[in-house]
Amino acid sequence: MNERQNLRIGRTLMEMTIANHIVRIDRDQCIGSGNCVKVAPQIFEIDEDNLVRFREEIGSITAEQLIEACDVCPVDALSVIDATGQQIVPRS
Ligand code: SF4
């Protein structure tokens with residue numbers, strides 16, 4: 001079950017809890033490549049400024065798909081943190 005907890009911190013940082021993971025978008029880093037949208041179109045979309053954002057209505061996704069979608073970002077604009085507080089993406 002996804003939690004619709006979408007926290008917007010300023011204009012550039014967005015955070016949402018999805019599939020028991022915290023997902024953060026740093027829109028300052030995003031270059032609009034669309035890689036994440038191709039893997040998880042039920043979660044991400046490209047806005048009118050050609051930057052990624054969370055969809056208004058997010059669809060269901062597994063943790064594995066979520067991690068893959070964030071891992072394909074070429075500029076590390078997406079972060080994933082698990083329930084224990086460990087950062088999974090970007091990989092260190
Ligand atoms: S993969 Fe990264 S750079 Fe490309 S749209 Fe997603 S967040 Fe932006």
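This report describes the fold, the strand pairing and the ligand surroundings of a predicted model.

**Overall fold**

The protein has 92 residues, of which 21% count as buried. Two helices and seven strands make up its secondary structure. In sequence order these elements follow the pattern β-β-β-α-β-β-α-β-β. Among the contacts with a separation of 6 or more, 46% are between residues 24 or more positions apart.

**Strand pairing**

Strand 3, residues 21–26, pairs with strand 2, residues 13–18, in the antiparallel sense. Strand 3 is also joined to strand 6, again antiparallel. Strand 6 in turn runs antiparallel to strand 7. The table lists these pairs with their bridges and one facing residue pair for each.

| Strands | Bridges | One facing pair |
|---|---|---|
| Strand 2 and strand 3 | six bridges | Leu13 and Asp26 |
| Strand 3 and strand 6 | four bridges | Ile22 and Ile81 |
| Strand 6 and strand 7 | two bridges | Val80 and Val89 |

Two of these pairs are hairpins. Between strand 2 and strand 3 there are two residues, and Ala19 in that turn has a positive phi of about 50 degrees. The hairpin of strand 6 and strand 7 has five residues between the strands, and here Gly85 takes a positive phi near 90 degrees.

The two faces of strand 6 differ in cover: Leu78 and Val80 lie on the covered face, while Ser79 and Ile81 lie on the uncovered one. Val80, on the covered face, is the residue that stands opposite Val89 in strand 7. Ile81, on the uncovered face, stands opposite Ile22.

**The loop at Gln86**

Gln86 is found in the loop between strand 6 (78–81) and strand 7 (87–89). Is Gln86 buried or exposed? Gln86 has 8 other C-beta atoms within 10 Å, and a residue counts as exposed at 12 or fewer, so Gln86 is exposed. The C-alpha atom of Gln86 is separated by 9.9 Å from that of His21, although the two residues are 65 residues apart along the chain. His21 belongs to strand 3, which covers residues 21–26.

**Ligand surroundings**

Which residues are closest to the ligand? They are Cys30, Ser33, Asn35, Cys36 and Cys73, out of 13 residues that surround the ligand. By class, this shell holds nine nonpolar and four polar residues, and no charged residues. Cysteine is counted here as nonpolar, so Cys30, Cys36 and Cys73 belong to the nonpolar part of the shell.

Terms used:
Residues numbered from 1 in each chain as written. Predicted model: local features only at pLDDT ≥ 70, side-chain atom pairs only at ≥ 80, totals over all residues. Pairing = 2+ DSSP bridges. Near = placed C-beta within 6 Å. Buried ≥ 20, exposed ≤ 12 C-beta atoms within 10 Å, placed from the backbone. Contact = placed C-beta atoms within 7 Å.
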